[in-house]
Every structure is written in structure tokens, then in C-alpha cells.
Amino acid sequence: MPRGMNITSYANQYVLDLVAYQPGKPIEETARELGMAPEQIVKLASNENSLGPSPKAVQAMVKAASHAHIYPDGASFDLRSRIAKDFGVSFEQTVTGSGSSEIIELLCHAFMHPGKEIIAAKHSFSMYPIMCKLFGATYVEVENKPDWSHDLMGMLKAITPQTRLIFITNPTNPVGTMVFQEEMDAFMAQVPEHVVVAFDEAYIDFADVKPDTAKYLHQGKNVIIMRTFSKAYGLAGVRAGYAVSTPEIADMLNKARSPFNLNCIAQAAALAALDDREHVERSVEMVRAGREQYYRTFDSWGIGYIRSQANFILAKVGKGREVFDKALAQGVILRQMDGYGLPEYIRITVGTERENARCLEVLAGILGK
Ligand SMILES: *Cc1c(COP(=O)(O)O)cnc(C)c1O
């Protein structure tokens, strides 16, 4: 290496420029810093399920653990067969990922390199720009509509010959709004063939109305529908997600993934979780009731918020970072939104009634309500 040269000067500039994903602050770390017991911390930062995993999934994981010395089924045969059956598609149209974040990465492996473009809503999941930039590609943001939902017609206008992916996050993170069937149909009718529409349905279980996106697949359009076990299914810690798409796209993603990307514990947990509808319904019920709990309180305080179709709420608290710090000092972990370009807001995951009450009690103190 020439004198004065650092190894980084030989690296990919777009990797050096990357700002890494900022996860919610972990419970253990917070407990350590505050000198509190982990049980005293309330984490409402990462849209996890406060009811925990399905007991059936836990049982399946314990059973799978005794086979941990054997490589997992690289094809995730049982899980993908089940997903194929649920969606009415072929096995070849499915792909599993270490969380649906990995599916986003696999899409970039297949379609992104310098010069290519991704289109997404300005206020949506921060993993999209990170992955896009990791591949040296161009990230095009389209301003959300005044009601905060995706501006699908604006996204259509942003399409160029270099566009390869459009992300439709439904419901969207971090705002919690949705786009509905009619609007989506009109959009899909106009998307050109060189563009893949990626429906990120991480929060679809919480939505009151669930638009049919599988029909675009049955129509032979270039779409991919991504789901995760991290939210309603309460399995964020085991890292499991999946997608259904066209045979061509799914085949590319299956080629690009590492051969054992879903470990044996995750495969067992995901399969068992799909069978426990009751647990998902209980979780969705908890979130519906919790959203009302927050709305009622915010209304009585005269605080702005965005009505959500997901398991989190954006509340307009003024100085979001300050509120985040003060809540954290009292053992309530929320999500600061400055990184999302929403510094006046704080994102609150809807938890159990007790957790929500604790969060509201702390917020009342901070905001002088
Ligand atoms: C949480 C989330 C995901 C999935 O995360 P994984 O844990 O990697 O499955 C995907 N998209 C959005 C918008 C999310 O908020």
C-alpha cells in the first residue's frame, strides 16, 4: 500500500458513504445504562409483538433445537410448500429470507447496480435506501400525499428507463397509512414491464382492510409480495420472512441467497406460527384496542397523531429527540424519527394495555399533560 493510503481508499465509495441502519435501542443495554432490571424496561421502539411468540412456535423451536447439529433444509421445503398453498401459487414462486429485510437485499442483488433506480415513498422503511445505496444504485423518493399515504401517481411519473423496483409499503412504516385496492389497480395498470413492484406487507395483519395483491401475480405481472414473522407473529428474534413472486423473479432470489439462509429453528418456528391463527388474532385485537387507548388520550391532550393501520402510532410531540431521551431516562424506549425526516414526531409501538398506560404516564409527565 503506498504511504499515506488507507485501505478504505481502495473500497467501494458507496459503502464508505453508507449510514448504517439504526435499530431500536435494546432492552438489555438500556437496563444496564439506567441501572434498572430488564423487566422494568418497556420497549415500544421496534414494532415487536408484546404478547411474545406463539406458544406453538416456542414448542416447535425447542423440538428443532435438538437437531441443531444438522444443516437445515436449504430449500425450506415445508415452510415454502405451506406458503405456496396459502397463496395459491407454485413452490417455485416462493422464497424465504432471514427476515424480509433479506428479501429486500436479494431484490437488490437481482436488479440493482450503479445507474439503476429504486422508487419509494419519502416516508417509508429506512432499509430501502440503505440497501439501494449498498449496491451503488440511485434512490428516488416521492413525497407522501397530504394524508401521508403513498402518492402512487407521483411514483408512476418518477419511472424512467432505469427504474427497476418500486416499493409499496402497505401499511407503511413509519406513518401507518395505506393505499387501497382501486388506487392500486389504477397504478398497476400503468406500471411498465421493466419495473418490479414490491409490496412490503410486513404489517398487513393489523390492517382493517387488506387489498388483494396476489391477484397481480395471478395476472402475470412483475410483482413480489413480502411478508415477515417479525411483527404480528412475534418472532423478530429468530429472523424469518418470505415472499411470493413470479417464477422468474423467485428463481433469481433463490439463486442469490446464501444456501442455508433460514436456520432450522426459524423454519420450525415460522411453520408452527402460521398454524396458530388464534395467536395472531389475539395480537391484532391487542393492537386495535391499544391504538384506541392512545387516540383517546392524545385527543384529550390535544396532541396530533396519524391514525394507523399498523401496530405503531406516530405522535406529534414537538421535539421528538428530547421526548425520546426523557422517556428513555424513565425506562420507556420509543423510536426517535429524526433519521426518518420527522423530527417533530415520535413513533410508539402499540403494546399491552399496561405498557401503553406506562408509556402514556411517562409522556404525560414529559409533555406536562
Ligand atoms: C419490520 C419491517 C420489515 C421486516 O423486517 P424483518 O424483521 O427483517 O422481517 C419489513 N418492512 C417493513 C416496512 C418493516 O417495518
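Q: Where in the chain is Ser76 placed?
A: Helices, labelled H, are DSSP runs (H or I) of at least four residues and strands, labelled E, are DSSP runs of at least two, both numbered from the N terminus. In this predicted model, Ser76 sits in the loop between H3 and helix H4 (77-87). Residues are numbered from 1 along each chain as its sequence is written, and because the model is predicted, local features need pLDDT of at least 70 and side-chain atom pairs count only at pLDDT 80 or more, while totals for chains, interfaces and linings use all residues. Side-chain values use heavy atoms, with hydrogens and water left out.

Q: What is the phi of Ser76, and is Ser76 buried or exposed?
A: Phi of Ser76 is near 45 degrees, a positive value in a residue other than glycine. Ser76 counts as buried (under 20% relative accessible area, with over 50% being exposed and the range in between partly exposed, for a 1.4 Å probe and protein chains only), because its relative accessible area is 0%.

Q: Which value does phi take at Trp148, and where is Trp148 found?
A: Phi of Trp148 is near 75 degrees, again positive in a residue other than glycine, and Trp148 belongs to the loop between strand E4 (138-142) and helix H7 (152-158).

Q: Which residues does a cis peptide bond join, and what is omega there?
A: One cis peptide bond joins Asn170 and Pro171, with omega about -10 degrees, and another joins Asn173 and Pro174, with omega about 10 degrees. Pro171 lies in the loop between strand E5 (163-169) and helix H8 (181-188), and Pro174 also lies between E5 and H8.

Q: Why does Asn49 count as buried, and what lies 2.9 Å from its side chain?
A: Asn49 counts as buried because its relative accessibility is 11%. Its place is in the loop between strand E1 (42-43) and helix H3 (55-65), and a polar atom of the Asn49 side chain lies 2.9 Å from the backbone oxygen of Ala232.

Q: Which polar atoms of the protein lie 2.5 Å or 2.6 Å from the ligand?
A: A polar contact is a pair of N or O atoms within 3.5 Å; within protein, one must be able to donate a hydrogen and the other to accept it, and residues adjacent in sequence count only if both atoms are side-chain atoms. A side-chain N or O atom of Ser101 is 2.5 Å from an oxygen atom of the ligand, and a backbone N or O atom of Ser100 lies 2.6 Å from a ligand oxygen. A nitrogen atom of the ligand, in turn, is 2.6 Å from an N or O atom in the side chain of Asp200.
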